[in-house]
Amino acid sequence: MALILSAATGNFNAGATWVGGIVPGAADEARASTTHTVTITANVTCTELSNAGTGLFILNSGVTLTANVTHKSATANVNCLQFTAASPATATIVGNITGGSVASTTVFGAVNNTSSGALTITGSVTGGTASIAVGVNNNSTGTLTITGNVTAGSGSSSVGANNASTGTVTITGNVNGGSNTLTYGTQNTLAGTISITGSVTGGSNATSYGVQNASTGTVTINGNVAAATATGINNASAGPVTITGSITASTAAGVTNASTGSVTITGNVLAAAATGVTNASTGPVTITGNITASTAAGVTNSSTATLTISGGTY
């Protein structure tokens, strides 16, 4: 694999854009050098896209990029690749997405979706090793569809897939919390929608939730939820969370409802060393399924909220 650096701002497929006049091919890593913007206007296949300094790739509508996208810049507050086209624009990335290793003061990612159209990613998404270094940031009203596992990084607040707007994020794959504070697998920060078909697992830090619903957004999970050191799902919002699948708690609660939002669970709840479901606020919790407790309570309701259980309690 050859590393090919950009020589100037320009079209990806133009020789003048690249050092030596060589357009990166299927076996090459293409890197956008600092101050250069490289626009991808036609289908591209290469091993990897990366960035240095303020270098940036722009993905145009109608294009399929087959490459891993890795944030390698040592400069804070930059993205590696952006999709910005307006609806009904569409684009596809086939490859793994990895966040960066330099701390930012606000959310930046390997991939930043500011489009009102639809961006599809087939591959795994992982947050970075530095603070607020996310894998993918959905920053508009558009749709982000991920087919692959989504995992938070090891830097604080390094979310795997961040939904920072009213757009929709759909994940078909497993979602896992990280290993540092506030390292969520995926997060709703506004009124957006997150839909997951796959399992959700909390991380190895007490606040590294698998899923964080932080505003008025909607979260729907078709799959099982498991806690580790961190809660599998934390609803800190006025929005609804719906889970079709079983809940398993270990060190932390499987699901926590910490605000006025509702939690609906269609599935069984198993409490091992920690409570299966904790309702710590005024939002209602509804469970359709059996609840099994061992050394911890199956469900706790520590507020004035309504708790409805349609199933056996053991």
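In the protein chain, 56% of the contacts with a separation of 6 or more link residues that sit 24 or more positions apart. Keep in mind that the model is predicted. The secondary structure here is all about strands: the count for the protein chain is 36 strands and zero helices.

Next comes overall size. The C-alpha atoms of the protein chain fit a box of roughly 70 × 35 × 30 Å along the principal axes. The radius of gyration comes out at 21 Å, and since a compact globule with 314 residues would have one near 20 Å, the two agree. Of the 314 residues in the protein chain, 53% are buried. As for the outside, the protein chain exposes about 10500 Å², and 54% of that is supplied by carbon and sulfur atoms.

Now for the aromatic rings. A pair of aromatic rings is described with two values, the distance of the centres and the angle of the planes. Searching the whole structure turns up three aromatic pairs. One of them is Phe 12 with Trp 18, an edge-to-face pair with 5.2 Å from centre to centre and 70° between the planes. Phe 12 and Trp 18 are both buried. They also belong to one aromatic cluster, together with Phe 57.

Another aromatic pair is Tyr 184 with Tyr 209, and this one is stacked, with 5.5 Å from centre to centre and 5° between the planes. Tyr 184 lies in the loop between β19 (175-176) and β20 (186-188), while Tyr 209 lies in the loop between β22 (200-201) and β23 (211-213), so the pair ties together parts that are 25 residues apart in sequence. Both tyrosines, Tyr 184 and Tyr 209, are buried.

Finally, it's worth zooming in on a single residue, Asn 235. This residue is found in strand β26, which covers residues 233-235. How exposed or buried is Asn 235? Its relative accessible area is 0%, and because buried means under 20%, Asn 235 counts as buried. A polar atom of the Asn 235 side chain lies 3.1 Å from the backbone oxygen of Gly 239. With a cut-off of 3.5 Å for pairs of N or O atoms, that distance falls within the range for a polar contact. Asn 235 has other company too: leaving aside neighbours within four places in sequence, its contacts include Asn 213 and Val 241. Also among them are Thr 256, Asn 257, Ala 258 and Ser 259, as well as Gly 261, Ser 262 and Val 263.

Note on methods:
Residues numbered from 1 in each chain as written. Predicted model: local features only at pLDDT ≥ 70, side-chain atom pairs only at ≥ 80, totals over all residues. Heavy atoms only, no water. Helix = DSSP H or I, 4+ residues; strand = E, 2+ residues; numbered from the N terminus. Buried < 20%, exposed > 50% of the residue type's maximum accessible area, 1.4 Å probe, protein only. Polar contact = N/O pair within 3.5 Å; in protein donor to acceptor, adjacent residues only side chain to side chain. Contact = heavy atoms within 4.5 Å. Rg over C-alpha atoms; globule rule 2.2 N^0.38 Å. Areas by Shrake-Rupley, 256 points an atom, 1.4 Å probe, with all protein chains shown as cover. Phe/Tyr/Trp six-rings, centres within 6.5 Å; stacked < 30°, edge-to-face > 60°.
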